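Please open the model in a viewer and keep the selection tool at hand. The tour below proceeds from one selection to the next.

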Amino acid sequence: TLSWSTEYSGGNDTWYYGRLGPGAGSSPTIVGPDGHPELVVVTDGLSPMNIRFFDAVTGAACGSAPVTFGGLGNSTSEQSVVVAGNRVMVVNNWWDQALGKACEDITKGNPWIQHVCPAVLGEAAYGVAQFSVDIGSCAVKLEWVNTEVSCTSSIPVVSLQDEIAYCLGKRGLTFTIEAIDWISGQSLFHVPLGNDLTYNSMYAGTEIGARNDIIIGTLAGILRVAPNAADGE
């Protein structure tokens, strides 16, 4: 049975290019630092978008904050919010809407293809931000912003062991694996993959494997990036 349902929008959100559809820009993610669900977090379908928290038991709207990635006029996301403890991380999927208009000319007659076209073409959107939420008061605080990293259309993952967030990103024309310090937001390193669009993750989730490796789905199949044994890792 349905436990709760909470409206936070009038249901008339704009369908921006790069989005799979209007409405909430992310799958719900549970926030529960003590091991049990406390809050549910999503990003909404507005631009600039907001990060929104809800009580996991009652569904009551809790706290929210705008996500501007350091002052961008527009922002949106199609990726799930990444959670560790009471900290959450969001990525930017706002693409130049002029590119979306060009995609309309290429893919006439199919609105869904028109809107995902920028992601298929490997267009990069830059911006990663982290917020913290106080479980008791629902106060939301911006912890850091990194405007130089692109997580393209991949869902990041965080390693609690080394406090590093990973995602499939892009630098120029080259797809990369990006490593970001979970606490400070500093870019730690990146691994170049290649310029081919087959490295495009197309909204897939990044996973940490059992052998200190990164595994993610791409347009060409499953990609695995592992430490270099010659480096003694």
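With which residue does E143 form a salt bridge? Select E143 together with R87: these two residues form the salt bridge, and their closest N and O atoms are 3.7 Å apart. The model shown here is a predicted one. Follow the chain outward from each partner: E143 belongs to strand β8 (residues 140–150), whereas R87 belongs to strand β6 (residues 87–91). The pair thus links distant parts of the chain, 56 residues apart. With a surface displayed, consider the two partners separately. E143 is partly exposed, because its relative accessibility is 27%. R87 counts as buried, because its relative accessibility is 19% and the cut-off for buried is under 20%.

This salt bridge is one of four in the structure. Two others may be visited in turn.

Select E178 and R171 next. They form a salt bridge in which the closest N and O atoms are 2.8 Å apart. Is E178 buried or exposed? E178 is buried, with a relative accessible area of 1%. Its partner R171, at 33%, is partly exposed.

Now move to R224 and D213, another salt bridge, with 2.6 Å between the closest N and O atoms. R224 is found in strand β15 (residues 221–225), while D213 occupies the loop between β13 (206–208) and β14 (214–218), so the salt bridge ties together parts that are 11 residues apart in sequence. R224 counts as partly exposed at 47% relative accessibility, and D213 is buried, with a relative accessible area of 4%.

The final stop is a strand. Select residues 39–43, which make up strand β2. How many of the residues of β2 are buried? Five of its five residues are, and the strand is mostly covered. In a regular strand the side chains alternate between the two faces of the sheet. Display the side chains here: L39, V41 and T43 point one way from β2, V40 and V42 point the other way, and all are buried.

Extend the selection to the neighbouring strands in the pairing. Strand β1 (residues 29–31) pairs with β2 in the antiparallel sense over three bridges, and I30 has V40 as its bridge partner in β2. Strand β3 (residues 50–55) also pairs with β2 in the antiparallel sense, over five bridges. Centre the view on V40 once more: its bridge partner in β3 is F54. Finally, trace the chain from β2 to β3, which form a hairpin with six residues between them.

Terms used:
Residues numbered from 1 in each chain as written. Predicted model: local features only at pLDDT ≥ 70, side-chain atom pairs only at ≥ 80, totals over all residues. Heavy atoms only, no water. Salt bridge = Lys/Arg side-chain N within 4 Å of Asp/Glu carboxyl O. Helix = DSSP H or I, 4+ residues; strand = E, 2+ residues; numbered from the N terminus. Buried < 20%, exposed > 50% of the residue type's maximum accessible area, 1.4 Å probe, protein only. Pairing = 2+ DSSP bridges.
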